[in-house]
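Got your viewer open? Here's a short tour to click through, one selection at a time.

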Amino acid sequence: MSRTIIRTTNAPTPPPTFSQAVKAAGLVFVSGTSPIDPSTGKIKGETIQEQTHQCLTNISAILKESGSSLDKVVSATVIMLEEEDFAGMNEEWLSWFPIDPPARQGAKLPVRVPGMKISVAVIAEA
């Protein structure tokens, strides 16, 4: 099986331990993506809605680079710092996936990054 590493400057640069995404087996696997603004390198937004928006903006750029898009997302993993932010995250989520949303699971952030409330990973059709 061949695989292609996906990189774009329109999303945050990951550390050397993982890729932004990998395209393989007809799918695009996007790594956990933080709400970092790629132009500043800083977390964008203070609310969960703003940070969810930035995560999905970054994921959209990664998927575009791979030849895919958000409308091809089949599964998402949402990792949040605080359970109380779930409703706010869902509010923003619905603006991106208003009908036929992807399958989704959630978890709690295992480490605290100052200011970061959320990370999102997705799997999409290539």
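## Starting at the hairpin

Select β2 and β3 to begin: the two strands pair in the antiparallel sense, with 4 bridges between them. Keep in mind as you click around that this is a predicted model. For a handy landmark, pick Ala24, whose bridge partner in β3 is Leu27. Now look at the turn of this hairpin, where 2 residues sit between the strands. Ala25 is the one to label here, as it takes a positive phi near 55°.

Next, add residues 3–6, which form strand β1. On that side, β1 and β2 (residues 21–24) pair in the antiparallel sense, again over 4 bridges. Click Thr4 and you'll find its bridge partner, Lys23, in β2.

## A stop at Ser31

Stay with β3 and select Ser31, which has its place in that strand. Which backbone oxygen lies 2.6 Å from a polar atom of the Ser31 side chain? That of Ser19. Now show what surrounds Ser31, skipping neighbours within four places in sequence: the contacts are Phe18, Ser19, Gln20, Val120 and Ala121. Hold on to Ala121, because you'll want that label again shortly.

## Over to β6

Ala121 belongs to the next selection, as the bridge partner in β8 of Thr77. Show β6 (residues 73–80) together with β8 (residues 118–125): this pair is antiparallel and runs over 7 bridges.

Now bring in residues 103–108, strand β7. Parallel or antiparallel to β6? Parallel, over 6 bridges. To line the two strands up, find Ser75, which stands opposite Ala103 in β7. Then colour helix α2 (residues 86–96) and trace the path: β6, α2 and β7 make a right-handed β-α-β unit.

## Into the pockets

Time for a surface view. Rolling a probe the size of a water molecule over the atoms shows where empty space is left.

The largest pocket holds about 290 Å³ of space. To centre your view on it, select Pro15, Phe18, Gly32, Thr33 and Ser34, the nearest to its centre among 19 lining residues. Which strand gives the largest share of that lining? It's β3 (residues 27–33), with 3 residues. Colour the lining by class and you get 12 nonpolar, 7 polar and no charged residues.

Move on to the second largest pocket, with a volume of about 170 Å³. Its lining has 14 residues, and the closest to the centre are Arg7, Thr13, Pro14, Phe18 and Gln20. By class, that lining splits into 8 nonpolar, 5 polar and 1 charged.

For a last click, go back to Phe18. This residue is among those nearest the centre of the largest pocket, is listed again for the second largest, and is one of the contacts of Ser31.

Methods: Residues numbered from 1 in each chain as written. Predicted model: local features only at pLDDT ≥ 70, side-chain atom pairs only at ≥ 80, totals over all residues. Heavy atoms only, no water. Pairing = 2+ DSSP bridges. Right-handed = clockwise from strand over helix to strand, strands pointing away. 1 Å grid on protein atoms, 1.4 Å probe; cavity = no way out; pocket = protein on both sides within 12 Å on 5 of 7 lines; lining within 4 Å. Points joined across faces, edges and corners; volume = space filled by probe spheres on them. Nonpolar A, V, L, I, M, F, W, Y, C, P; charged D, E, K, R; others polar. Polar contact = N/O pair within 3.5 Å; in protein donor to acceptor, adjacent residues only side chain to side chain. Contact = heavy atoms within 4.5 Å.
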